[in-house]
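Here are a few friendly notes to read alongside the model. Keep the 3D view open and find each residue as you go.

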Amino acid sequence: MGLALEEAEKAHASADVPIGAIVVDADAQVIGRGHNERELTGDPTAHAEVLAIREAAQHVGEWRLTGCTLIVTLEPCTMCAGAIVLSRLDRLVFAAYDEKAGAVGSLWDVVRDRRLNHRPEVIGGVMADEAGARLRDFFTGHRS
């Protein structure tokens, strides 16, 4: 999670919401990194999770990320939760819960929906205080 928090700082530096993500393979080697780039690129799909998944898929040479884990600083939204399921990630680890838009238990539970063909293991709340503090600081600065 520490590396994902480092990625989040990169987003904050470019005026994006400080969310960071990494993908690690079965040997715990980082194969994908991402941080929010929506403001930087003008791309509404440039969420940290999507960018990290894209880089990991490029690294392994296919779209299936079986055996891999996505680690992200905020509970994924519906778009990112869908990408997690579709990429066949084995595990999702996230820090802070997102009561307003979370799709891994807060508002919806896309990744554990039994109607879908893949359901990764989910571990939430890892270093939630640290990630939550960064998000609160960011939004406090943008509202003042």
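The numbered points below go from one helix to its surroundings.

1. Please keep in mind that this is a predicted model. A good place to begin is helix H3, which covers residues 48-60. H3 has 13 residues and reaches 19 Å from its first C-alpha to its last, close to the 18 Å expected at 1.5 Å a residue. After H3 comes Gly 61, with a positive phi near 85°.

2. Now look at which parts of H3 are hidden. Its buried residues are Ala 48, Glu 49, Val 50, Leu 51, Ala 52, Ile 53, Ala 56 and Ala 57. Strands S1, S2 (30-35) and S3, along with helix H4, are included in what covers them.

3. One name in that list deserves a pause: Glu 49. Which side chain of opposite charge is nearest to Glu 49? It is Arg 38, 8.8 Å away, and Glu 49 has no salt bridge although this residue is buried. Beyond residues up to four places away in sequence, Glu 49 touches Ala 21, Leu 70, Val 72, Leu 74, Pro 76 and Cys 80.

4. Next, zoom out to the largest nonpolar core, which has 37 residues. Val 23, Leu 70 and Leu 89 have the most contacts inside this core. Among the elements that give two or more residues to the core are H3, helix H1 (2-13), strand S4 (91-96) and helix H5 (128-143). In soluble globular proteins, nonpolar side chains tend to be buried together.

5. Finally, try clicking on Leu 89. Leaving aside neighbours within four places in sequence, Leu 89 has contacts that include Val 23, Ile 53, Leu 70, Ile 84 and His 118.

Conventions
Residues are numbered from 1 along each chain as its sequence is written. This is a predicted model: local features need pLDDT of at least 70, side-chain atom pairs count only at pLDDT 80 or more; totals for chains, interfaces and linings use all residues. Side-chain values use heavy atoms; hydrogens and water are left out. Helices (H or I, at least four residues) and strands (E, at least two) are DSSP runs, numbered from the N terminus. Buried means under 20% relative accessible area, exposed over 50%, partly exposed in between (1.4 Å probe, protein chains only). Lys and Arg count as positive and Asp and Glu as negative; His and the chain ends are not counted. A salt bridge is a side-chain nitrogen of Lys or Arg within 4 Å of a carboxyl oxygen of Asp or Glu. Contact means heavy atoms within 4.5 Å. A nonpolar core is a set of buried Ala, Val, Leu, Ile, Met, Phe, Trp, Tyr and Cys residues joined through side-chain atoms within 4.5 Å. The expected span of a helix is 1.5 Å times one less than its number of residues.
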